[in-house]
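Here is a friendly walk through one model, starting from a single side chain and working outwards. Please keep the viewer open while you read.

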Amino acid sequence: MTITRASKIMASEITPNRRRGGDIRVLLGPATVGATSGFMGMLTLEPGEFVSEHYHPYSEEFLCLIRGELTVLVDGTPVRLSPGEALHIPIDVRHRVENTGDAQAMVVFHLSPLAPRPDLGHVDTEPQPNPAEPSLNVGEKR
């Protein structure tokens with residue numbers, strides 16, 4: 001396999017999305033680097049913040065906690081994560097990510113494969129904390 005171009009993205013260059021809660025930034029995806037197999041980003045949650053419950057009908061999600069403490073409700077069952085722990089969420093499984101600690105939490109996430117269209121990739125199952133914010137859209141392939 002030959003890599004023809006590597007792309008570097010700074011998190012500070014990405015506009016945060018807060019519609020579903022926290023600070024979500026898609027770093028590597030179709031819109032930012034032309035990714036074709038999935039997308040990767042960062043989620044930052046302050047104490048007490050959460051990402052509202054949802055599921056992905058086409059993608060599995062991988063979470064890796066970098067710092068802080070999280071509780072991920074997976075189909076209603078709490079799964080606690082400490083720094084350095086990772087969690088796999090299968091396709092079609094409801095999940096809600098909560099910062100249950102007293103310090104900021106940072107998570108790296110990856111979803112793959114991509115949905116056929118960005119608007120089909122995410123299904124909300126509870127009200128969003130910031131519904132007036134624009135929807136998170138990983139973008140079409142470049």
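In this predicted model, Phe39 has a relative accessible area of 12%, so this residue falls under the 20% limit and counts as buried. Its partner in what follows is Phe109, which is buried as well, at 7% relative accessibility.

What kind of aromatic pair do Phe39 and Phe109 form? The arrangement is edge-to-face, with 6.4 Å from centre to centre and 85° between the planes. A search of the whole structure turns up 1 aromatic pair. The pair links distant parts of the chain, as the two residues are 70 apart: Phe39 belongs to strand β2 (residues 39–45), while Phe109 belongs to strand β9 (residues 105–112).

Strand β9 ends at residue 112, and the peptide bond from Ser112 to Pro113 is cis, with omega near -5°. Pro113 itself is found in the loop between β9 and β10 (123–124). For background, most peptide bonds are trans, and most residues other than glycine have a negative phi.

The backbone also has some points to look at in phi. Asp75 and Asp92 are not glycines, yet Asp75 has a positive phi, and so does Asp92. Here they are side by side:

| Residue | Phi | Loop | Relative accessibility |
|---|---|---|---|
| Asp75 | about 50° | between β5 (70–74) and β6 (77–81) | 41%, partly exposed |
| Asp92 | about 70° | between β7 (86–89) and β8 (95–99) | 45%, partly exposed |

Now for the chain as a whole. How many helices and strands does the protein chain have? There are 1 helix and 10 strands, and along the sequence they follow the pattern β-α-β-β-β-β-β-β-β-β-β. The radius of gyration is 15 Å, close to the 14 Å that the globule rule gives for 142 residues, so the chain is as compact as a globular protein of that length. Along its principal axes, the C-alpha trace spans about 45 × 30 × 25 Å.

Buried residues account for 40% of the 142 residues. Of the contacts between residues at least 6 apart in sequence, 71% join residues at least 24 apart.

Turning to the outside, the accessible surface of the protein chain is about 7700 Å², and 54% of that belongs to carbon and sulfur atoms. As for charge, the chain carries 13 positive and 18 negative charges, whose mean positions lie 7 Å apart.

Technical notes
Residues numbered from 1 in each chain as written. Predicted model: local features only at pLDDT ≥ 70, side-chain atom pairs only at ≥ 80, totals over all residues. Heavy atoms only, no water. Helix = DSSP H or I, 4+ residues; strand = E, 2+ residues; numbered from the N terminus. Rg over C-alpha atoms; globule rule 2.2 N^0.38 Å. Buried < 20%, exposed > 50% of the residue type's maximum accessible area, 1.4 Å probe, protein only. Contact = heavy atoms within 4.5 Å. Areas by Shrake-Rupley, 256 points an atom, 1.4 Å probe, with all protein chains shown as cover. Lys, Arg positive; Asp, Glu negative; His and termini not counted. Charge placed at Lys NZ, Arg CZ, Asp CG, Glu CD. Phe/Tyr/Trp six-rings, centres within 6.5 Å; stacked < 30°, edge-to-face > 60°.
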